Amino acid sequence: MIPGGGQPNMQQLLQQAQKMQQDLAKAQEELAQTEVDGQSGGGLVKATVTGSGELRALVIDPKAVDPEDTETLADLVVAAVQAANENAQNLQQQKLGPLAQGLGGGGIPGRPF
């Protein structure tokens, strides 16, 4: 309900929308700078991605390297990257979820919210 029964102040609504967009852009930038990890094989393979999902680092413990079984190593790498990306998506939900909902729930293209 609008106080006084009048029309909403369009200038005020535009300012609120602009502030939410600025907050969203700031949160996206923070995500791009924040790194999260994922691991597999009890820590034999570790992947680091940004909060926006960019793979930054991959560490493979020499114990995970078996020239006779590269398939297991590949599976460990995939699992570590997936775990890191899952952690990045959780971080995105925490940082962007409330902001995206405030802008109509559209979220970010390509992201699950």
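Which residue takes a positive phi in the hairpin of β2 and β3? Keep that one in mind while looking through the close-ups below; the answer comes with the hairpin view. Everything shown here belongs to a predicted model.

**Figure 1. The whole protein, with two helices and three strands.**
Start with the overall layout. Follow the chain along its sequence and the pattern reads α-β-β-β-α. The protein has 113 residues, and 26% of them count as buried. Its accessible surface comes to about 7600 Å², with 51% of that belonging to carbon and sulfur atoms. How much of the contact between residues at least 6 apart in sequence joins residues at least 24 apart? That share is 47%.

**Figure 2. The three strands form an open sheet in the order β1-β2-β3.**
The pairing in this sheet is antiparallel. β1 and β3 stand at the edges with a single partner strand each, so one side of each has no neighbour in the sheet. From one strand to the next, the twist averages 15°. As a rule for looking at any such view, side chains in a regular strand alternate between the two faces of the sheet.

**Figure 3. β1 pairs with β2, strand to strand.**
Here we move in on β1 and strand β2, which covers residues 45-50. The two run in the antiparallel sense and are paired over six bridges. To pick out one bridge, find Gln39: its partner in β2 is Lys46.

**Figure 4. β2 pairs with β3, and a hairpin connects them.**
β2 and β3 also run antiparallel, this time joined by five bridges. Look for Thr48, which stands opposite Ala57 in β3. The hairpin of these strands has four residues between them. And here is the answer to the opening question: Gly53 takes the positive phi, near 95°.

**Figure 5. Asn85 of helix α2 touches Val49 and Gly53.**
Gly53 turns up again in this view, now as a neighbour of a helix residue. Asn85 lies in helix α2, which spans residues 70-102. Leaving aside residues up to four places away in sequence, Asn85 touches Val49 and Gly53. Is Asn85 buried or partly exposed? Asn85 is partly exposed, with a relative accessible area of 26%. Asp37 is worth finding too: its C-alpha atom is 8.3 Å from that of Asn85, although the two residues are 48 apart along the chain.

**Figure 6. A salt bridge within helix α1 joins Asp23 and Lys19.**
The model has four salt bridges by count, and this is one of them. The side chains of Asp23 and Lys19 meet with N and O 3.0 Å apart. Why are these two separated by about one helical turn? They sit four residues apart in helix α1, which runs over residues 10-33. Lys19 is partly exposed at 48% relative accessible area, and Asp23 is partly exposed too, at 28%.

**Figure 7. Glu35, Glu54 and Arg56 are linked in a network of salt bridges.**
Centre your attention on Arg56, which takes part in two of the pairs described here. One pair is with Glu35, at 3.5 Å from N to O. Glu35 lies in strand β1 (residues 35-40) and Arg56 in strand β3 (residues 55-60), so this pair ties together parts that are 21 residues apart in sequence. The other pair is with Glu54, where the closest N and O atoms are 3.4 Å apart. How exposed are the members of this network? Glu35 counts as partly exposed at 45% relative accessibility, Arg56 as partly exposed at 41%, and Glu54 as partly exposed at 43%.

**Figure 8. Leu58, Ile60 and Val65 make a nonpolar surface patch.**
The last view leaves charge behind and turns to nonpolar side chains. The patch made by these residues covers about 220 Å². One of its members, Leu58, is found in strand β3. At 37% relative accessibility, Leu58 counts as partly exposed.

Note on methods:
Residues numbered from 1 in each chain as written. Predicted model: local features only at pLDDT ≥ 70, side-chain atom pairs only at ≥ 80, totals over all residues. Heavy atoms only, no water. Buried < 20%, exposed > 50% of the residue type's maximum accessible area, 1.4 Å probe, protein only. Contact = heavy atoms within 4.5 Å. Areas by Shrake-Rupley, 256 points an atom, 1.4 Å probe, with all protein chains shown as cover. Patch = residues over 30% accessible without salt bridge, like charges linked within 9 Å, V, L, I, M, F, W, Y side chains within 5 Å. Pairing = 2+ DSSP bridges. Axes fitted to C-alpha atoms, helices over the stretch in contact; angles between N-to-C directions.
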